[in-house]
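Work through the exercises below with the sequence and the 3D structure in view. Each task is followed by its solution in steps.

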Amino acid sequence: MTDAAKIPAHRWLVIPKHRHLKWPALDPLEAALMVGCGICMSGFTACVFFDVVTRELRMPWLWLQQFTTGFFAWGVFIGMAAATRRLDHIYLAEITRHMKGTRRLVIETLNRLVVLAVALVMVWFGTRIAIVDMGQFRMPSLIPMTAYTAAVPFAGALVALFAIEQLVNGWRNGFEGPEDNEYMGEAPE
Amino acid sequence: MSNGALIVLMGGSFLLLGYLGVPVAFAIIAGVLLATAFTPVSFDSIVGQLFHGIDAETLLAIPFFLLVGELMTSADVTQRMIRLAQAMVGHLRGGLAQVVTLFSMFFAGISGSSAADVAVLARTVAPEMDKEGYDRSFTAALIASASTIANLIPPSIMAVVYGATGNVSIGGLFLGGIVPGVLIGIGLMVYSYFFGPVGKLKPRATYTELFSAARGSALPMVIPLIIMGGILTGAFTPTEAGMVAAVYILVILIPALRPTHIRDLPRDFMYTGLVYALPLSAVAAASAFGWMLAYLRGPDTVAGAIKAFAGTDPVLIMLLLVVLFIIVGDFVDAVPAIIIFMPIVNALTELGDIKPVHMGVVLVTTLAFGLITPPYGLSLLISAKFVGVPFGKAMVRSLPLYVVFLGTILFCVFFPEVVLFLPKWLLPESVGCFKSPTGPGYICPP
């Protein structure tokens, strides 16, 4: 058995599911987002660790808290984008999985259009906020607020891209897939 | 459009889109944006709220409690705790069912995630239960029910979210959650003993076996002490305690017990990075929902309606909120539910002069119950899938177990002094006590 075969599918950099809804060209982007999640989680852990250590040594690095918040917030929004491509978000129901044909096409399309609309709002208004935030700074590090709030339009753009990818491929290949028979989402296999 | 109509539009479109299959975070934002379009509020404010909703120091604890659970699970260290549970209760009637519950209580002290608990048990104990002839529906129902304890016994992610959004002491909520967590655990064990399948009766473990199992699981069992010890002594905040526990696993536990796992650590970090984003993107969206709900004076309206019915009677107010949260928990994920309804809960807590920690413990217990109730019983859904049984069958088998949860919730409502005993004893400030100006000790208002 290869190493890759031993790793459960949900932990792969590019999840091997719903391939009929995806362009292989965007796989490196999904992998990069997963690496981004890892960097944010490690950076965030390291920042809290050094925050405690420097505080205990009575030489606190106050700017560490701002980096912690930055890693945390970017991690949330990068993860939001990655989860959109991996169809890994929290769902209330999966009624479409039991549907076929036109009805499924209509509802799946509606769902993606809602996600796309929300993502475009995040891009447009998030960018406006990020531009305004260029003139505001977090003390004591003097990091511009834009460094934090830019995560919103960044995630919005990626979510929009993945929603379009799923729409186009869903229309081309159909939304039905081999994963319809299993419970999808937040649970590890 | 009136405020009431806008609230109905916002909540209704969220539920409709959510049940059509739009991810929770996007369904919430879509509902909020739709209602906002009929008000003078700008979309900039709503989008800004997405960031500000997660810009809270206390929420930083969530990734660590998930990381701790992920590291323990993926490094397979949890096997040692299962062995200890087997040595302690494996000889009882329904031995493996008792092991499931006891392990969940142990694991709850390490991880704040029910999903991780279900994953571990479904992978390890469920196949054994299958071999011993346990009904699969019962196995799925029991694993799901026991996994909810992870949300009660500290560290609990629900308690962190509740504390962070409601400005309630997280340490107090952690300590208060121990009582319902243990009560549910005992209730499930008693049910399994008298009414569950018999399983294969095994001899009682010898003292040598018990000692060996305890020694084997000693290193993982230090984690709850690190977390609660750090918080109670004031050495760490909940976030820092989570980080110290994660570092302990990385630096001591994995090298000592599972050194080969070290090369897989980058993957653990990547996966946890993704997993923590899921509830927190719902938090970001729900905070925009809560903000809009407050703008539309939703809390005042609901609080007014409850006041008209219950007056200022704390017990009646709590019971009405329990009913509300049982219904909400059936349809909505716990994390957004806490944030969306927090303004209402705060208003009613004040109205009934209820201790915020007491209210928090009761509502978190109620939402934990929501994890096994249909249609959105997340733990039961995951458990049924892993064990390989239809959700409907697992749900029917879990119905008798509801008594344990309802009994525990009612106990917590009617006996606040028991729920608040540990917070008052170990963290008096968390329940409104203050240092006596005339000498040692604390003065606690009634």
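**Exercise 1.** State how many residues of each chain take part in the contact.

Solution. Contact means heavy atoms within 4.5 Å. By this rule, chain B gives 62 residues and chain A gives 65 residues. The model is predicted: local features need pLDDT of at least 70, side-chain atom pairs count only at pLDDT 80 or more, and totals for chains, interfaces and linings use all residues. Residues are numbered from 1 along each chain as its sequence is written, chains are lettered from A and ligands numbered from 1 in the order in which they are written, and side-chain values use heavy atoms, with hydrogens and water left out.

**Exercise 2.** Find the area that chain B and chain A bury between them.

Solution. Buried area is the accessible area (1.4 Å probe) that two parts lose on being put together, summed over both. For chain B and chain A this is about 5700 Å², with 76% of it on carbon and sulfur atoms. On the side of chain B, Phe26(B), Phe51(B) and Arg267(B) lose the most area to chain A, together 12% of what that side buries.

**Exercise 3.** Count the salt bridges across the interface and describe one.

Solution. A salt bridge needs a side-chain nitrogen of Lys or Arg within 4 Å of a carboxyl oxygen of Asp or Glu. The rule finds 5 salt bridges between chain B and chain A. In one salt bridge, Asp44(B) pairs with Arg128(A), and the closest N and O atoms are 3.1 Å apart.
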